[in-house]
Each structure stands twice: as C-alpha cells, then as structure tokens.
There are 2 protein chains.
Amino acid sequence: MEHIHDHSKEINVVKKELPNDSLLCDLGDIFKLFGDTTRIKILYALLESELCVCAICELLGMEQSAISHQLRILKNANLVTSKRSGKMSIYSLADEHVREIIELGFEHLTEV
Amino acid sequence: MEHIHDHSKEINVVKKELPNDSLLCDLGDIFKLFGDTTRIKILYALLESELCVCAICELLGMEQSAISHQLRILKNANLVTSKRSGKMSIYSLADEHVREIIELGFEHLTEV
DNA sequence: CTTTCATATGAATGTACATACATATGATAA
DNA sequence: TTATCATATGTATGTACATTCATATGAAAG
C-alpha cells in the first residue's frame, strides 16, 4: 500500500487510548489460556471442585501427560494452584476471575 | 496409566455440571478470538471509534491483507460489523460484550 | 470504457503449541 | 532398601493458524 489516504484525526485519538504493545500482548496471553478446549474443561471442572490430576484425566478421557502440561501452563499463569496430598497433587482455582470470564463468554455465546 | 485409583464420587458430581463438548468448544473459540495480539488491538481500537481498514493498518503498522483476514474472522464471529462508505469499509463493534470481556481480562492482569 | 484506490481473498509459508511417548521425580508402603 | 503409584517434564511430531504474496473484486473518477 503506497498511497494511504489521510486518517490522522481518527488515528491520533485512538492511538492515545491504545495501551502499549506489551500490555496488549499480556492481555492476549490471558485469553489464549481460555482459548483451548482442554484448558477450558479443566477450569470448568475446577469451578465445581478441587481435583487431583488423575481425576481430571479420567474426567476428560485424556492422558496424564497432556493434563499435567496444561496444568502447568494454568499454574504459571496463576489461574490455578496446587497442593500435595500424599502422592497426589490437588489442583484448585486461584481466584474467582476464572468464573467471571467463563460466564461472560457464555453470555456472548448464548446471545448471538 | 493402568491403575487408576477411584475418583467416582468427585467425578460424577463434576461430570453432571460440565457442559457438552460442543458447547465448551464454542466457548474456547470465543476466547481464541481474543487470544491474538492483532485481533485484541483491532478490537481495542474499535472500542474508541469505528475505523476503516486502512486506518487500522496504519494504526497497527501492519499489511492490509493481514488486517482484512483478521477482520473477516472477527466478523464471522459476530464481534464486529462493517458498512461500505464509497471505496472504504468501515468496521465497528457489534456489541458491548467485547468491552466487558476485555475489561475483565485487564482486571485479572492488574490484580496478579 | 480505463485507471486508480480500497478492500477482499486464495494459496503458500513459517511458527506456535497441544499431544504423545519416554523418562524422571516425589511419595508411600513393604 | 526396593517396588509401586502419582505426577512432572524433556523431546518429538503433527496440526492449527497468522502473516505474506499475488491477485481478484468493488467503487469512484476521468
């Protein structure tokens, strides 16, 4: 695109309101966490009850390795926490933001 | 994993509350839309003002083709709408859910 | 009509990432 | 200690998808 017509008015207004790249990137990363079916299922399950890794595997019908990898991602993002209980690791939600975000997604889903 | 210990109590409770696969998949797809930096930027910009494709390109410093592809994805998902104005296509947000979802994401970002 | 600008779209490419496999670590029991 | 269960993690692989390039379509002007 060589000949761009003038948008300076609109663009300058918008540009001021737009957060910096790093922040927008972080924001995208948060939604990316919710953008995977496996992770959504895990988070949704944890909304109901804390669960050990093995229970999540059985619930989703997936391999333990896959679940553990996803749990680590969720933990690094501070969406879930874990505690040891003997041989097991029990995972639970870190806070209520997860519930709010999922519910908001559902709203959009049902209203369109 | 051959020898799975018994989780039937917890699992049965959670299983009843878990939506079906198709619904969870759709839910994930919505968040996937917000999980890309380019799309987040576009949506954020449209929160401030309706914009033509060319303005978005200039604002984000990206190629027109890339922007158009992303706009199509957002339009197919009913997050944005477009209208023709001469040679230009003006894009705007379809509803206020976008604002709510982005704001909620920001909350999580700033509180952790 | 032809030309030019604005946008849309098909195809190719590179990258990010979810899963599988193999293996390591941690914890309890014998 | 060794054996077994539960989980974690490193690596490889396949797939999904964002961007680019090239081109097509749409709209206005000359």
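I started with A:Y44 and found this residue buried, at a relative accessible area of 13%. Buried here means under 20% relative accessible area, exposed means over 50% and partly exposed lies in between, with a 1.4 Å probe and protein chains only.

A note on what I am reading: this is a predicted model, where local features need pLDDT of at least 70, side-chain atom pairs count only at pLDDT 80 or more, and totals for chains, interfaces and linings use all residues. Residues are numbered from 1 along each chain as its sequence is written, chains are lettered from A and ligands numbered from 1 in the order in which they are written, and side-chain values use heavy atoms, with hydrogens and water left out.

**Entry: aromatic rings**

I stayed with A:Y44 and looked up its ring partner. A:Y44 pairs with A:F106 in an edge-to-face arrangement, with 6.0 Å from centre to centre and 80° between the planes. For the terms, I noted that rings of Phe, Tyr and Trp (its six-membered ring) pair if their centres lie within 6.5 Å; planes under 30 degrees apart are stacked, over 60 edge-to-face, and the rest tilted. This pair links distant parts of the chain, since A:Y44 sits in helix α3 of chain A and A:F106 in helix α6 (residues 97-111) of chain A, 62 residues apart. Helices (H or I, at least four residues) and strands (E, at least two) are DSSP runs, numbered from the N terminus. A:F106 has 16% relative accessibility, so I wrote this residue down as buried too.

How many aromatic pairs are there over all chains? My search of the whole structure gave five. In one of them, the ring centres of A:F34 and B:F31 are 5.3 Å apart and the planes meet at 45°, so I logged the pair as tilted. A:F34 belongs to helix α2 (residues 21-34) of chain A and B:F31 to helix α2 (residues 21-34) of chain B, so this pair joins two chains. I found both A:F34 and B:F31 buried. Ring pairs also tie A:F31, A:F34, B:F31 and B:F34 into a cluster.

**Entry: DNA strand C**

Next I turned to the DNA. Which residues come nearest to strand C? Of the 28 residues around the strand, they are A:H5, A:T38, A:S65, B:Q64 and B:Y91. I counted a residue as near if one of its heavy atoms lies within 4 Å of the strand. By class, this surface has nine nonpolar, twelve polar and seven charged residues. Ala, Val, Leu, Ile, Met, Phe, Trp, Tyr, Cys and Pro count as nonpolar, Asp, Glu, Lys and Arg as charged, and the others, Gly among them, as polar.

On the DNA side, 64% of the strand C atoms within 4 Å of the protein belong to sugar or phosphate, and the rest to bases. I then checked single contacts. A:T38 has a polar side-chain atom 2.5 Å from a phosphate oxygen of strand C. A side-chain N or O atom of A:S65 lies 2.5 Å from a base nitrogen of strand C, and one of B:Q64 lies 2.6 Å from a base nitrogen of strand C. The elements giving two or more residues to this surface are α3 (37-48) and α5 (64-76) of chain A, with α4 (53-60), α5 (64-76) and β3 (88-93) of chain B.

I also looked at A:Q70, which lies in helix α5 of chain A. A:Q70 is buried at a relative accessible area of 17%. Its side chain makes a polar contact of 2.7 Å with the side chain of A:R39. A polar contact is a pair of N or O atoms within 3.5 Å; within protein, one must be able to donate a hydrogen and the other to accept it, and residues adjacent in sequence count only if both atoms are side-chain atoms.

**Entry: strands**

In chain A, β1 (residues 51-52) and β3 (residues 88-93) run antiparallel and are joined by two bridges. Two strands pair if DSSP finds at least two bridges between them. A:L51 stands opposite A:Y91 in β3(A). Strand β2 (residues 80-85) of chain A pairs with β3(A) over six bridges, in the antiparallel sense. The hairpin of β2(A) and β3(A) has two residues between the strands, and A:G86 there takes a positive phi near 65°.

In chain B, I found an open, antiparallel sheet of three strands in the order β1-β3-β2. Its β1 (51-52) and β2 (80-85) are at the edges with a single partner strand each, so one side of each has no neighbour in the sheet.
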